[in-house]
Amino acid sequence: MVWGAFGCHPHFAKDYSSVQEHDIMMSMRHPKAVAFGEIGLDYSHKNSTDHSKQKKVFERQLRLAVAMQKPLVIHCRDADDDLMEIMKQCVPRDYKIHRHCFTNSYPVIEPFLTEFPNLYVGFTALITYFKATEARDAVRKIPLNRIVVETDAPYFLPRQVRKDACRFSHPGMGIHTLQELSFLKGEDMATVLATIRHNTTQVYGV
């Protein structure tokens, strides 16, 4: 079972034009296109696009997504203050949002959980690594009914998978993240699986 999400990642915001927008909007017409994204802001050293251009493209895509009533998949690196400001201007409070690949601390995400009651936080196999103390602490503090699980494949190979056996992650490895989530939350796997499945349906309707 495969569904799609389409949008301009902030790393490519400098190339955003009416041509790219047309392609995204045409892709979103597919019956299995269930979300708009991943879109957002990335102020890390990995992104060469200037902040003003990123914000302009992000705001434009938010307005398109809301007009289409499509859930949002949000990417954010080192830009949470600007992200919050723009989202509060463009996104209804009760909108369905997936905060993609969260790797930061609980104080960073807490304002978003409060401001957007239908925002869900996505965690990857990063939480299987003991050194990921901030993300693991965030998992413990965020209610289970506000969490979704993802791989961000091909990145974030789980700790339990030997690097000489497999170099890249894939959706089948999500079980390792679920097991770690079960451990960190002190919940049995059946509860975790049922809750995460419910949360995913709440966001994406699938």
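**Close-up views of a predicted model**

The side chains of histidine 75 and histidine 9 are joined by a polar contact of 3.4 Å; a polar contact is a pair of N or O atoms within 3.5 Å, where within protein one must be able to donate a hydrogen and the other to accept it, and residues adjacent in sequence count only if both atoms are side-chain atoms. The model is predicted, so local features need pLDDT of at least 70 and side-chain atom pairs count only at pLDDT 80 or more, while totals for chains, interfaces and linings use all residues. Residues are numbered from 1 along each chain as its sequence is written, and side-chain values use heavy atoms, with hydrogens and water left out.

**View 1. Histidine 75 and histidine 100, annotated as "binding site".** The annotation comes from an unreviewed UniProt entry; UniProt positions are given in the numbering used here, feature names are shortened, and annotations may be inferred rather than shown by experiment. The two histidines span 26 residues in sequence, yet their C-alpha atoms are no more than 5.6 Å apart, so they gather at one spot. Of these residues, His100 is included in the lining of the largest pocket. A pocket is an open set of points on a 1 Å grid over the protein atoms alone, where a 1.4 Å probe fits, with protein on both sides within 12 Å along at least five of seven lines; lining residues have an atom within 4 Å of a point. Histidine 75 is found in strand 3 (residues 72-77), and histidine 100 lies in the loop between strand 4 and helix 4. Helices (H or I, at least four residues) and strands (E, at least two) are DSSP runs, numbered from the N terminus. Histidine 75 is buried at 7% relative accessible area, and histidine 100 is buried at 8%. Buried means under 20% relative accessible area, exposed over 50%, and partly exposed in between (1.4 Å probe, protein chains only).

**View 2. Glutamate 38 and aspartate 152, also annotated as "binding site" in an unreviewed UniProt entry.** They span 115 residues in sequence, yet their C-alpha atoms are no more than 11.1 Å apart, so they gather at one spot. Both Glu38 and Asp152 belong to the lining of the largest pocket. Glutamate 38, in strand 2 (residues 33-42), is partly exposed at 22%. Its side chain makes a polar contact of 3.0 Å with that of histidine 75. Aspartate 152 sits in the loop between strand 6 (147-149) and helix 6 (174-185), and its side chain makes a polar contact of 3.4 Å with that of histidine 100. Leaving aside neighbours within four places in sequence, aspartate 152 is in contact with His100, Cys101, Thr124 and Ser169; contact means heavy atoms within 4.5 Å.

**View 3. The buried face of helix 4 (residues 106-115).** Tyr106, Ile109, Phe112 and Leu113 are the buried residues of this helix. Seen down the axis of helix 4, they fall within an arc of 125 degrees, so they line one face; the arc is that of the directions from the helix axis to the C-beta atoms. Among the elements that cover them are helix 3 (80-90) and strand 5 (119-123). The face turned away from the buried side carries the exposed residues Pro107 and Thr114.

**View 4. Cysteine 90 and cysteine 101, each too far from another cysteine sulfur for a bond.** A disulfide is a pair of cysteine sulfur atoms within 2.5 Å, and the count comes to zero. For cysteine 90 the closest cysteine sulfur, in cysteine 76, is 15 Å away. For cysteine 101 the closest is also in cysteine 76, at 12 Å. Cysteine 90 is buried at 8% relative accessibility, and cysteine 101 is buried at 1%.
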